[in-house]
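Here are a few exercises to work through with the sequence and the coordinates side by side. Try each task before reading its solution.

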Amino acid sequence: VVPRVALLGVLAGCNVAFNNASLLFINVAMNQIVKALLPVMVALAEVVITGSVYSNRMWVAFTMISVGVVCTVYENPHFNVYGCAFCMCSALVAAVQLILSETSMTQGLKFDPVNFLLHTSLWSAGALLPFACLTDLRAFMGALQEGSPAFFVVVGVTSGLAFLNNLTMLLSVKLAGGVYTTAVGNLKILLVVALHYLLWPQDARSFRTVHWVGVLLTLASFVGLSVLKFTAPPKPPGHGASLPPAGDGGGDSGSNSCAAASLAEPD
C-alpha cells in the first residue's frame, strides 16, 4: 500500500512542478492547448498497458486533437521550446498518474476521494520540495521573512482552491461518473482559452490563420469527443477504456484525479 500511495503522490507533485515550470515560458492559453494532448497520451498508454480498444471514431477525434495542437504551435509567436517541453512532461506524468489512480480507486486500494488526497498529499509535497529548492527557495524565504499579509493570503487561497479542485474532480468521478467529469474537463479548456484571449487580446491579434485553424480544430475535436462519450453504450465492468478530463490531471493544480469513464465503442 505505502509504495503505491508514495508513487501516486510523487507523480502528482512532479505533474505540478512541470506544469508550473512551463508557465514561466508560455502563456496559459498555449499551456492548455498543449495539454490538450493528454487524452491522446492516456489512450495510447492504456492501449499499451491494459490492451484497451477504441473505435475508429475515437481515433479520428484523437487525430483531430493532435493536428490541432501542431497547427497551433507551428511558428507561433508565443511558442517556447522549454515551456512546451515542460508541458509535455507534465502531460506524460499526468497520463501515468491517471491510469494508476483509476486502478487504485476502483480495483486496488479503493480509497474514497478525501482519503486519496490526504494519503498522497504529503508525498506530493516531498516531490515538490527539490524543485522549489532549485528555483525559488531564496525568493520564498525572503517573502516569509518580510511577513507580507498579501503573500500568506495568496498562498492560502491558491492552496485551498487547488485542494477543492482536486476534491471536486474526484467526487464528480465517484458520484456522477466519468462521462460527466470528462465533459466538464473539456469545457474547462474552452473557458480558459477564451478567457485568456479576452483578458489579453494582444495575444489573439498576433495569431495567424494557421494558429486559429489549430485552435478551432482542437476545440471542435473536444466537442466531438464529448458527444462520443455521452453516446457510447455502457460497457460491462472491467471492459472498455478510460480517459481523463481534457487539460487536467493536475496540470495547473496537480489534480490527483482518476478517469473512470468507459469510452470505447464497438466499431
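**Exercise 1. Count the disulfides in this predicted model, using a sulfur–sulfur cut-off of 2.5 Å.**

Step 1. Start with Cys87, and look for the closest cysteine sulfur: it belongs to Cys84, 6.7 Å away. That is too far for a bond.

Step 2. Apply the rule throughout, and the count comes to zero disulfides.

Step 3. Check the surroundings as well. Cys87 is buried, its relative accessible area being 0%. Cys14 is buried too, at 17%, because the limit for buried is under 20%.

**Exercise 2. Test whether the length of helix α11 fits its number of residues.**

Step 1. Helix α11 covers residues 209–231, which makes 23 residues.

Step 2. The expected span is 1.5 Å times one less than the number of residues, so α11 should span 33 Å.

Step 3. The C-alpha atoms at its two ends are 33 Å apart, in agreement with that expectation.

Step 4. Now list the buried residues of α11: His211, Gly214, Val215, Thr218, Leu219, Ser221, Phe222, Leu225, Ser226, Leu228 and Lys229. When you look at their spacing, keep in mind that an α-helix has 3.6 residues a turn, so residues three or four places apart point the same way.

**Exercise 3. Find the largest nonpolar core and the elements that build it.**

Step 1. This core has 22 residues, and Phe62 and Ile65 have the most contacts inside it.

Step 2. Two or more residues come from each of α2, α3 (38–49), α4 (56–73), α9 (178–199) and α11.

Step 3. Take Ile65 and leave out residues up to four places away in sequence. Ile65 then touches Ala36, Leu37 and Val40, as well as Thr218, Ser221, Phe222 and Leu225.

Step 4. Another core, of nine residues, lies apart from the largest one; Ala91, Ala95, Leu98 and Ile99 are among its members.

**Exercise 4. Describe the surroundings of Ala29.**

Step 1. Ala29 sits in helix α2 (residues 28–35) and counts as buried, with 0% relative accessibility.

Step 2. Beyond its neighbours within four places in sequence, Ala29 contacts Val193, His196 and Tyr197.

Step 3. Compare sequence with space: Ala29 and His78 are 49 residues apart along the chain, while their C-alpha atoms are 9.6 Å apart.

**Exercise 5. What is notable about the phi angle of Glu75?**

Step 1. Phi is positive here, about 50°, although Glu75 is not a glycine.

Step 2. Glu75 lies in the loop between α4 and α5 (81–106), and at 48% relative accessibility Glu75 is partly exposed.

Technical notes
Residues are numbered from 1 along each chain as its sequence is written. This is a predicted model: local features need pLDDT of at least 70, side-chain atom pairs count only at pLDDT 80 or more; totals for chains, interfaces and linings use all residues. Side-chain values use heavy atoms; hydrogens and water are left out. Helices (H or I, at least four residues) and strands (E, at least two) are DSSP runs, numbered from the N terminus. Buried means under 20% relative accessible area, exposed over 50%, partly exposed in between (1.4 Å probe, protein chains only). Contact means heavy atoms within 4.5 Å. A nonpolar core is a set of buried Ala, Val, Leu, Ile, Met, Phe, Trp, Tyr and Cys residues joined through side-chain atoms within 4.5 Å.
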